[in-house]
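These are my notes from a session with one structure. I set down what I looked up, entry by entry.

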Amino acid sequence: MIKVTVWNEYTGQDHPEVVSANPGGIHAVLASFLGEETDFKVRTAILEEPQCGLTDEVLENTDVLLWWGHSAHHMVPDEIVEKVVKAVQKGMGLIALHSSHLAKPFVRLMGTTCTLKWRDGDYEKLWTVAPYHPIAEGVPECIDLESEEMYGERFDIPEPDELIFLGWFSGGELFRSGCVWNRGYGKVFYFQPGHETNRSYSNEHIQKIIINAVRFVAPTIKRNKISCPNPQPAMKTEKIKV
Ligand code: ZN
């Protein structure tokens with residue numbers, strides 16, 4: 001079983017268009033379709049819970065953490081951020097969704113500003129540019145999203161280890177919409193669709209990408225702790241005749 005935790009800041013519930021786009025919150029919508037996968041064990045966590053719902057017990061029992069944040073990035077305490085970063089470095093997978101490009105754990109793991117251009121309400125064509133990649137398995141070459149927030153370059157990220165999706169927007173902009181990085185023993189996937197007033201997470205192809213991504217970033221091995229050992233020599237060099 002892959003242990004999945006879906007984290008959402010869960011704000012904006014006073015806006016009817018936010019509530020109607022993703023009833024019960026984005027975490028509930030994501031957990032609903034992820035929970036249909038028989039090899040996933042899914043739980044949710046939100047900002048207002050103690051320790052943002054990300055206690056040591058939760059993080060130790062998470063193989064893949066999905067993160068959706070937008071207006072409350074600053075409310076996540078640095079102590080929690082550091083625990084998430086360490087968990088990734090030890091092997092936990094992280095999927096940063098949409099406006100989580102500015103979520104503190106993602107920015108920490110990237111080491112750049114992660115800024116971009118944005119404008120609400122464009123039409124998007126999401127192109128699969130690495131159809132051989134496991135995250136693109138069963139995904140069409142092009143997905144049409146009737147309404148999405150435009151995210152445009154330059155996206156100030158380090159060069160991705162793998163670029164899987166490119167977004168084109170009706171305003172003319174392009175965006176690196178699906179990228180993978182390796183960080184320590186862990187993998188990070190950033191995926192652009194998912195503005196809070198749009199229904200992208202109800203799109204079957206977007207769901208397929210997120211399901212594939214969970215399997216891809218799930219750890220093959222996890223470290224127990226991060227250490228910097230000072231070992232004895234691996235061999236006795238006096239036996240080597242020069
Ligand atoms: Zn947005």
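**Aromatic pairs.** I took two rings of Phe, Tyr or Trp as a pair if their centres lie within 6.5 Å, with the six-membered ring standing for Trp. The model I searched is a predicted one. My search of the whole structure returned nine aromatic pairs. I then looked at one of them, Tyr-151 with Phe-175: the ring centres are 5.7 Å apart and the planes stand at 75 degrees, so I entered the pair as edge-to-face. Planes over 60 degrees apart count as edge-to-face. Tyr-151 belongs to strand E6 (residues 142-152) and Phe-175 to strand E8 (residues 174-183), so this contact ties together parts of the chain 24 residues apart in sequence. I found both Tyr-151 and Phe-175 buried.

I next asked which residues the ring pairs link into a cluster. The cluster consists of Phe-106, Tyr-151, Phe-155, Phe-175, Trp-181 and Tyr-190.

**A charge over a ring.** I noted Lys-187 over the face of Phe-216, 5.1 Å from the ring centre.

**Zinc site.** Which residues are the protein donors of the zinc ion? I listed His-98 through NE2, Glu-149 through OE and His-195 through ND1, at 2.0 to 2.1 Å from the ion. Along the chain the donors follow the spacing H-x50-E-x45-H. The two histidines come from distant parts of the chain, 97 residues apart. His-98 sits in the loop between strand E4 (93-97) and helix H5 (104-110), while His-195 sits in the loop between strand E9 (186-191) and helix H6 (204-217).

I also checked whether these histidines are buried or exposed. His-98 has a relative accessible area of 0% and is therefore buried. His-195, at 5%, is buried as well; the cut-off for buried is under 20%.

**Nonpolar surface patch.** I recorded a patch of about 420 Å², made by Trp-127, Val-129, Leu-163, Trp-168 and Leu-174. I followed up Trp-168, which is found in strand E7 (residues 162-169). Its relative accessibility is 33%, so I classed Trp-168 as partly exposed.

**Backbone geometry.** Most residues other than glycine have a negative phi, and most peptide bonds are trans. I therefore looked up where this model departs from that pattern.

Tyr-10 has a positive phi, near 55 degrees, and is not a glycine. I located Tyr-10 in the loop between strand E1 (2-8) and helix H1 (16-21). With 30% relative accessibility, Tyr-10 counts as partly exposed. I also noted Ile-46, whose C-alpha lies 6.3 Å from that of Tyr-10, although the two residues are 36 apart in sequence.

Cys-114 is another non-glycine residue with a positive phi, near 60 degrees. I placed Cys-114 in the loop between H5 and strand E5 (117-128). Its relative accessibility is 0%, so Cys-114 counts as buried.

Last, I asked which residues a cis peptide bond joins. They are Glu-153 and Arg-154, with omega at about 15 degrees. Arg-154 lies in the loop between E6 and E7.

Definitions and conventions. Residues are numbered from 1 along each chain as its sequence is written. This is a predicted model: local features need pLDDT of at least 70, side-chain atom pairs count only at pLDDT 80 or more; totals for chains, interfaces and linings use all residues. Side-chain values use heavy atoms; hydrogens and water are left out. Donors are N, O and S atoms within 2.8 Å of the metal (3.2 Å for Na, K and Ca); water is not among the atoms, so sites may look incomplete. Helices (H or I, at least four residues) and strands (E, at least two) are DSSP runs, numbered from the N terminus. Buried means under 20% relative accessible area, exposed over 50%, partly exposed in between (1.4 Å probe, protein chains only). Patches are made of residues with over 30% relative accessible area and no salt bridge: like charges are joined within 9 Å, nonpolar side chains (Val, Leu, Ile, Met, Phe, Trp, Tyr) within 5 Å. Accessible areas come from the Shrake-Rupley method with a 1.4 Å probe; for residues, only the protein chains shown count as cover. A salt bridge is a side-chain nitrogen of Lys or Arg within 4 Å of a carboxyl oxygen of Asp or Glu. Rings of Phe, Tyr and Trp (its six-membered ring) pair if their centres lie within 6.5 Å; planes under 30 degrees apart count as stacked, over 60 as edge-to-face and the rest as tilted. A charge sits over a ring if NZ of Lys or CZ of Arg is within 6 Å of the ring centre and within 35 degrees of the ring normal.
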